[in-house]
Protein chains: 4
Amino acid sequence: MSYNSFGHLFRFTTWGESHGPAIGCVIDGVPPRVPLSEADIQYHLDRRRPGQSRHTTQRREPDQVQIQSGVFEGLTTGAPISLVIENVDQRSKDYSDIARKFRPGHADFTYQLKYGIRDYRGGGRSSARETAMRVAAGAVARKVLAGAWGEEFRVRAALVQMGPHPIDRDNWEWDAVDDNPFFCPDRQAAQKWEGFLDGVRKAGSSTGAVIEVEATGVPVGLGAPIYAKLDADLAAALMSINAVKGVEIGAGFEAAALSGEENADEMEMDGDQVRFRSNKAGGVLGGISSGQPVVARFAVKPTSSILSPRKTVDMDGQDTEISTKGRHDPCVGIRAVPVAEAMMALVLCDHWLLHKAQCE
Amino acid sequence: MSYNSFGHLFRFTTWGESHGPAIGCVIDGVPPRVPLSEADIQYHLDRRRPGQSRHTTQRREPDQVQIQSGVFEGLTTGAPISLVIENVDQRSKDYSDIARKFRPGHADFTYQLKYGIRDYRGGGRSSARETAMRVAAGAVARKVLAGAWGEEFRVRAALVQMGPHPIDRDNWEWDAVDDNPFFCPDRQAAQKWEGFLDGVRKAGSSTGAVIEVEATGVPVGLGAPIYAKLDADLAAALMSINAVKGVEIGAGFEAAALSGEENADEMEMDGDQVRFRSNKAGGVLGGISSGQPVVARFAVKPTSSILSPRKTVDMDGQDTEISTKGRHDPCVGIRAVPVAEAMMALVLCDHWLLHKAQCE
Amino acid sequence: MSYNSFGHLFRFTTWGESHGPAIGCVIDGVPPRVPLSEADIQYHLDRRRPGQSRHTTQRREPDQVQIQSGVFEGLTTGAPISLVIENVDQRSKDYSDIARKFRPGHADFTYQLKYGIRDYRGGGRSSARETAMRVAAGAVARKVLAGAWGEEFRVRAALVQMGPHPIDRDNWEWDAVDDNPFFCPDRQAAQKWEGFLDGVRKAGSSTGAVIEVEATGVPVGLGAPIYAKLDADLAAALMSINAVKGVEIGAGFEAAALSGEENADEMEMDGDQVRFRSNKAGGVLGGISSGQPVVARFAVKPTSSILSPRKTVDMDGQDTEISTKGRHDPCVGIRAVPVAEAMMALVLCDHWLLHKAQCE
Amino acid sequence: MSYNSFGHLFRFTTWGESHGPAIGCVIDGVPPRVPLSEADIQYHLDRRRPGQSRHTTQRREPDQVQIQSGVFEGLTTGAPISLVIENVDQRSKDYSDIARKFRPGHADFTYQLKYGIRDYRGGGRSSARETAMRVAAGAVARKVLAGAWGEEFRVRAALVQMGPHPIDRDNWEWDAVDDNPFFCPDRQAAQKWEGFLDGVRKAGSSTGAVIEVEATGVPVGLGAPIYAKLDADLAAALMSINAVKGVEIGAGFEAAALSGEENADEMEMDGDQVRFRSNKAGGVLGGISSGQPVVARFAVKPTSSILSPRKTVDMDGQDTEISTKGRHDPCVGIRAVPVAEAMMALVLCDHWLLHKAQCE
């Protein structure tokens, strides 16, 4: 077992700290002969990159990815792929405050007590910067699946709630997602969120969010009961993203309030294809993909770095206060959208390899 | 990797089908010299056992567990522990309907398409009967942790919502949980649920539920970032339970609507102990336990086996209908309560071993 | 990770002690729709069964295997297969000697110091009895591979040295192997060994052995560099068998004395097939099968249970002596022959699944 | 599972090709607060570095290691450690010969058939250059164990046979090992080998070797039966090194020829310590370390790159010949000596963590 790896067969391992020289990952188990270039990966990294609007952290990282191994003449070779991104904008600053005090809601306290040491610069290993490597690995997974499943396969995510403000699902347009700084599929909601988030940011506060991610064109049969269920792995994948506090598949928590009649998706023939009449299941039955869109949702808590002073304790066991200045995302959920897509792609790719191993 | 195993170091593997001769599990990685008897396990199995009230399935299974290995003179030896429960009440019946038709909401369709074969008798491998072995393995985990952490350690779960009816959290009494057939901590809610569930059952319908599980007395430091986070593993553990569609830690989905000020749990000294002033985090910060109670919640969908005829298709690709007669839980969430406790104990025990390996 | 499991995707977990109620294993990752019956497994167990000649232990174990799960109407379902063998002839006896003293060459001392407890009855978990479950699991692997690779695929093993007496390889006849109680492919050697082993047994002594195992009909491409090399996994598989002290692939230790010219197997076309002109490599190049026969050899030490009194210490830290009476194999290497076949089949099956996952 | 990772808890993953921009590894599971600098690692890399005598390849690689993560203010943090070495001397040359033809004894053929593509430049992923990262990871393992076990712990290796010329074990001096270009513990043998290897090199030929590696100061109790035995993992670790064809523990293959009396190591008290009167077991009993020195040996085949033309086939399925010019080690076994030490340290460190997890 490896603490910093994810996946059973399509397995990636990330490394690096927020203010170290670089961050990176190694992806093992990539099928051979898949076309792969740095541009394929960069496209997705650019969507996650900080500093693209006033609504995300002003840290300026070009996040330029380099492929260091596993690709030969434009094709994967089956050998491990090492990806690296240099850290450029680790602003040198006075860390004395953060070095001695535990920021509420952050991992400072638990890292210190677990390891007896922590790299406090910019959050060290627990920085959301790590998620860049998920996006990079996810881009590789997408290339693999695109080759295997064709154009019908698509992974898309969107912000469906910011703070207490959900979208109106009747307004859902996938095309809207890249037209606003929030990855919001509801143009009207996006507009309202602008003002809301400006207020939050100016107050030095922060807000939470809900992200929805969907994969279409996924074949039936992915997922392996009992403990490698597709939805269980997806839950772990999404819950492992920084600041995530809840995960749902399909109807999710709403399913608790439904009756069996309302919840079970009926089936019928559509020519020689089986068609489900609804998708309460979110594309997963008994832990195995059903051929319907795989749909998951997750809640991101508000960024813990806020300006208002908060009570806390320091490393000497004294009561104190802390207020976090600096460059932060007022709504860290925004940049979780490309990460959500990546994790979905990674889980699907992993399960596709597992399925081939046992059942083909 | 093993499809039917869970845990990194405290690892259990389950096997068996609903209507096979037996179900069982093998637990590997159990520390040596832990007192363990069949009675220790039976206590928890009895709480989950079907047929104890009119509100659960009338299948009569004594669920008598046998220890087949790994225990010598009342103590664990460090060798793998094999546990087995014979299936007694696999009522022989006519399976022709279920053998040819896919029950909506069940895993029939996906098992058939994934494997090209399925043991349709009583749901085969996808039966909730498998969860008995989780409870058995969980009982072993509890013994290990009780020895290591002492009496302060406790894992408890309760049903906090049945169908659309949540409890009133102001009425919460842990003592109430074993006084009603629903594991409900709110005596008033329990009373109302009686009537509600009678109605559901008589209508041949079913209903969903929400379960909350809490562990107290858990030391700081369990959980290993980034991909073996305590909450990520807990999410996988709970999502892997049959019929679960959503998982939350601490404030969960509610956190999305909060501000940073509301959400981050402040800290202060209480003598020489650090005390958190709230527990929005659910006892996990950065994937590592904080010493606060670890709190998770999950949603169980309504049982898919219902009496009203539902549209479906058969193995010949024909439209048809199915209505599921027989012995079923109208609210499968009830018996998920002991399973929730087991999964929490298993994840904690696993992470305790991981923590010892790296940090002690 | 699981201490008592082997294999990456075709993964089996064994449990049980020599004098417990039963021994068993769970095999996970078995492809679906493979015909499998208890008779398929029993055939191989019977070859390993003790008490079939005067040259092996006189413990009388019918070793009757039962399939408890994972097979439906004669076909595997993809669910885990639980196999169990009841222990019948655990002769009740006075264990006081062995309970307090550490037998030289046995695992008594190390188990006691590692775990602080040991099931001393008949060697407990470290008994060679565990290898019965390897043979059972291996039989399942053979069925899977026979279905996939056809009749050309064959795994065979033989004893090629007993004590200081090697066979004459010019006399090698595979047909001879089942005609003598030693699995010896050289009829003349077998005859000589009869007398040699009678002498050893009557003297209350024991002797070592070398086993060779070969798989033919193995496709090119199995094995995954760098750390899942076919030969590395095979080395682990064989070294994990009780009493094994050395493992070789192909030319093995002899390769050290060769020149590059002598050692590298030249290739040439034979019609449209590539043919190797020799097989010094033992069918593995760069950790990947080459299509040639996969050939491995391993050394088994002499049984440590002998009649002559040996110096040792007891649990009170006192010098003492011990002599091991009872039913033992004077040459435990003999019964390792079917185990060798099983381990080869298991490693190949596992790597076939790995190969399908990544490369097909 | 990960093809390019090794270890259960102290787990490293290597990446990189011989002629790519760099090679590297990620080590996960490193305990926190262990002092670690680049110099600690460089010391061991320098011992393995090519081009230090006329007897190894003339490729000039400084093999300068960089720590990219997981170390803060000179101490490990518990986060993954990324190590990287830039490739400097990847001489650009005409690869057309090697690109189209399969070199006998090399992995060219099997990589091509497995993956349908191969990075042929300098052997790509199958180059012995990968072993530099093993040495680097091994250096980290040594630092961890030195901190845990103190000065008595020591891992040393030596070349004990070159081609057909073994050392005289009576001449064994550990101090001699670093006084000759062969890591030979027998000064007289080293002198003879000079001439022998000059002859081999001038003839454009190559020769095999046997390496012995020993760890002292190892506590009792490392190794976890049945399938995580210390010796089984060690066998896999050593067999995974390029060109290795055989592995032995303790008496190894010689044990096959011994009687039980000769082979089982007797025990006696030495004050309040248990002392073994011999070490045929090589420090491992029942898969668990006994406190004696852990001793392993392995055979390295002669380098397959030789000057004399050898018959082979090309990618068009035509018979042809090939002779390998360029910079090669005439005895690749020499530089396997530091690699052997590294693998021993890695396996021990991994098992120490496993032991702590279950038994402390």
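Here are a few questions and answers on how chain A and chain B meet in this predicted model.

Q: How many residues does each chain bring to the contact?
A: Let's start with who takes part, counting residues with heavy atoms within 4.5 Å of the other chain. Chain A and chain B each have their own count, and these are 104 residues from chain B and 104 residues from chain A.

Q: How much area do chain B and chain A bury between them?
A: The size of an interface is often given as the accessible area lost when the parts come together. Here, 64% of the buried area lies on carbon and sulfur atoms. On the chain B side, Tyr3(B), Tyr227(B) and Lys245(B) lose the most area to chain A, together 11% of what that side buries. For the two chains, the buried area is about 8300 Å².

Q: Which residue of chain A meets the side chain of Glu266(B) in a salt bridge?
A: Between chain B and chain A there are 2 salt bridges. One of them involves Glu266(B), with an N to O distance of 3.7 Å, which is within the 4 Å cut-off. The partner in chain A is Arg310(A).

Q: Which helix gives the largest share of the side of chain B that touches chain A?
A: The two chains have 47 residue pairs in polar contact. On the chain B side, the largest share is 6 residues, and they come from helix H3 (residues 108–115) of chain B.

Q: What is the bridge partner of Glu248(A) in E11(B)?
A: Strand E11 (residues 244–249) of chain A and strand E11 (residues 244–249) of chain B run antiparallel, joined by 3 bridges. In E11(B), the partner of Glu248(A) is Gly246(B).

Technical notes:
Residues numbered from 1 in each chain as written. Chains lettered and ligands numbered in written order. Predicted model: local features only at pLDDT ≥ 70, side-chain atom pairs only at ≥ 80, totals over all residues. Heavy atoms only, no water. Buried area = accessible area lost by both parts, 1.4 Å probe. Polar contact = N/O pair within 3.5 Å; in protein donor to acceptor, adjacent residues only side chain to side chain. Helix = DSSP H or I, 4+ residues; strand = E, 2+ residues; numbered from the N terminus. Pairing = 2+ DSSP bridges.
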